[in-house]
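Me: I would like to go through this model with you. Could we begin with the overall picture and then move to particular residues?

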Amino acid sequence: MTERTQAPYARIAAELRGRIERGELRPGDRVPSTRAITQRWGVAMATASKVLATLGQEGLVQAVPGVGTLVAARPATSQGRRPATAASEDDSAQRGRIVRAAVAIADAEGLTALTMRRLAAELGVSAMSLYRHVTTKEQLVALMADAAFGEHALPERPPPHWRERLELSAALQWRLYRAHPWLAGAMNLNRPLPIPNGIRHIDWALAALAGLGLDDDTRMHAAVTLFGYVRGHAVDLEPESDAARTSGVSGQEWMRAQETRLAALVDGGAFPAFAEARADSALTPESLLQYGLTALLDGLALRITTPPN
C-alpha cells in the first residue's frame with residue numbers, strides 16, 4: 001500500500017514509528033498527544049486516538065497517567081545499536097540506581113517527600129528520563145519495598161522448631177521496618193504489592209507450619225496474619241519519624257512532656273484500673289510487639305494437632 005492510499009491513521013503512525021526507530025524519539029520521550037496530532041495532521045480525534053493505540057499495540061509507546069504517552073523502553077535492535085542483552089543489563093543497572101536513590105530519600109525524608117521530580121534532581125537527570133525505567137510511582141514503591149525486604153535474607157538453614165522460625169521471621173521484618181520507617185505504610189494487605197522478597201517471608205512461614213496437622217487454609221491465614229501483625233505495629237514508625245524530624249523532639253521526650261497532663265487525668269480516680277496497672281508497666285514498641293507475638297503464637301500452638309518431629 002502506497003503512502004497516497006494508506007489510511008490517515010496508518011500514515012501518521014508510520015511517520016511516528018520511523019522517528020522512534022531512527023532514535024529521534026527516545027525511550028521516555030513524550031510523543032504527540034491526540035490533540036497535538038489533530039492539530040498537526042488535521043485529522044479527527046478518533047483518528048488521532050487510533051494512531052496512539054496502534055503504536056501502543058506494537059509496544060512502541062505507553063500511556064503514563066498524569067504524564068502523557070511516552071516512548072516505551074525496549075531492547076535495542078541489531079542495526080548498529082547495543083545487543084538486547086546489553087541494553088537489558090544497562091536498564092537493570094539504571095533501575096537499581098534509581099531504586100537505591102529513592103530508598104535513601106524515603107529513609108531520610110519520608111515517602112511523601114519522594115516525587116519523580118525530587119528523585120530526578122537527586123540523580124541529576126530529567127524527570128522524564130526516569131520513566132524509561134519505571135513507569136509509575138506505584139511500580140517504583142514496589143521495587144523499593146522489594147529491595148528493602150531483600151536486605152536481610154532468611155537463613156538457608158532455618159531453626160529446627162516452627163515457633164523459632166516464625167519468631168526469627170518476625171524479628172527480621174521488624175528490623176527492616178525500623179531501618180525503613182516508610183515501608184510499613186507503603187504496604188497494604190488488601191492490595192498487596194508484588195514483591196518477591198516479601199512473599200519469601202510468607203513462604204518461610206508456610207514451610208515452618210507444614211506437617212503439623214494444619215490444613216492449607218489455616219497455614220495461609222496464620223502466615224499472612226503474622227506478616228500483617230508485624231506490619232501493623234510498624235505503621236506508627238513513619239509518623240513518629242516525621243514528627244521527630246520536624247519538631248526535633250524524640251518520642252521519649254514527647255512522652256515525658258505529657259507526663260503531667262496524663263497524671264492529672266488518671267490520678268483523679270476516674271480510671272482506677274488504668275492508674276494501678278500504669279504504676280508497674282513500661283510500654284515500648286518492642287515490648288508491645290513481643291507481647292502480641294507471644295499471644296499469637298500461643299494461640300497457633302493450640303491448633304497444632306501433630307507434634308513437630
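Me: What share of the 309 residues in the protein chain is buried?
Reply: Buried residues make up 36% of the 309 residues in the protein chain. Please note that this is a predicted model.

Me: And how many helices and strands are there in the protein chain?
Reply: The protein chain has 15 helices and two strands.

Me: How much of the contact pattern comes from residues 24 or more positions apart?
Reply: Taking the contacts with a separation of 6 or more, 67% are between residues 24 or more positions apart.

Me: On to the interior. How many residues does the largest nonpolar core have, and which have the most contacts inside it?
Reply: The largest nonpolar core has 59 residues. Those with the most contacts inside it are Leu119, Leu140, Met144, Trp162, Leu166, Tyr177 and Leu183.

Me: Which helices each supply at least two residues of this core?
Reply: They are helix H4 (84–109), helix H5 (116–123), H7, H8, helix H9 (183–186), H10, H11 and helix H15 (285–301). As general background, nonpolar side chains tend to be buried together in soluble globular proteins.

Me: What does the second, separate core include?
Reply: The second core has 16 residues, and Ala13, Leu16, Val31 and Leu60 are among them.

Me: Ala13 and Leu16 again: which residues of H1 are buried?
Reply: The buried residues of H1 are Ala10, Ile12, Ala13, Leu16, Gly18 and Ile20. They pack against helix H2 (34–41), helix H3 (45–57), strand E1 (61–64) and strand E2 (68–71).

Me: Does the span of H1 agree or disagree with 1.5 Å a residue?
Reply: It agrees: helix H1 (residues 8–21) has 14 residues and should span 20 Å, and its end C-alpha atoms are 20 Å apart.

Me: What follows H1?
Reply: H1 is followed by glycine 23, which has a positive phi, near 85 degrees.

Me: Switching to aromatics. How many aromatic pairs does the structure hold?
Reply: The structure holds two aromatic pairs. In one of them, the ring centres of phenylalanine 149 and tyrosine 177 are 6.1 Å apart and the planes are at 90 degrees, so this pair is edge-to-face.

Me: Which parts of the chain does that pair tie together?
Reply: Phenylalanine 149 belongs to helix H7 (residues 137–149) and tyrosine 177 to helix H8 (residues 162–179), so the pair ties together parts that are 28 residues apart in sequence. Phenylalanine 149 and tyrosine 177 are both buried.

Me: What about phenylalanine 149 and phenylalanine 227?
Reply: Phenylalanine 149 and phenylalanine 227 form a stacked pair, at 5.8 Å centre to centre with 20 degrees between the planes. Phenylalanine 227 lies in helix H11 (residues 216–234) and phenylalanine 149 in helix H7, so this pair ties together parts that are 78 residues apart in sequence. Phenylalanine 227 is buried, as is phenylalanine 149. Ring pairs thus link Phe149, Tyr177 and Phe227 into a cluster.

Me: What else is tyrosine 177 in contact with, leaving aside its neighbours within four places in sequence?
Reply: Besides Phe149 and Phe227, tyrosine 177 is in contact with Leu183, Ala184, Met187, Val230, Arg231, Ala234 and Leu237.

Me: Asparagine 197 next: is it buried or exposed?
Reply: Asparagine 197 is buried, with a relative accessible area of 18%. It lies in helix H10 (residues 196–208). Not counting residues up to four places away in sequence, asparagine 197 touches Asp146, Phe149 and Gly150.

Me: Where do the buried residues of H10 pack?
Reply: They pack against H7, H8 and H11. Besides Asn197, the buried residues of H10 include His201, Trp204 and Leu206.

Me: Back in H7, is alanine 142 buried or exposed?
Reply: Alanine 142, which lies in helix H7, is buried, with a relative accessible area of 11%. Leaving aside its neighbours within four places in sequence, alanine 142 is in contact with Leu193 and Ile195. The C-alpha atoms of alanine 142 and alanine 186 are separated by 8.4 Å, although these residues are 44 residues apart along the chain.

Me: One last pair of polar details. What does the side chain of serine 129 reach?
Reply: The side chain of serine 129 reaches the backbone oxygen of serine 126 at 2.6 Å. Serine 129 lies in helix H6 (residues 127–130) and is buried, with a relative accessible area of 14%.

Me: And where does the charged end of lysine 50 sit?
Reply: The charged end of lysine 50 sits over the ring of tyrosine 9, at 4.2 Å from the ring centre.

Terms used
Residues numbered from 1 in each chain as written. Predicted model: local features only at pLDDT ≥ 70, side-chain atom pairs only at ≥ 80, totals over all residues. Heavy atoms only, no water. Phe/Tyr/Trp six-rings, centres within 6.5 Å; stacked < 30°, edge-to-face > 60°. Helix = DSSP H or I, 4+ residues; strand = E, 2+ residues; numbered from the N terminus. Buried < 20%, exposed > 50% of the residue type's maximum accessible area, 1.4 Å probe, protein only. Lys NZ or Arg CZ within 6 Å of the ring centre and 35° of its normal. Polar contact = N/O pair within 3.5 Å; in protein donor to acceptor, adjacent residues only side chain to side chain. Contact = heavy atoms within 4.5 Å. Core = buried A, V, L, I, M, F, W, Y, C linked by side-chain atoms within 4.5 Å. Expected span 1.5 Å × (residues − 1).
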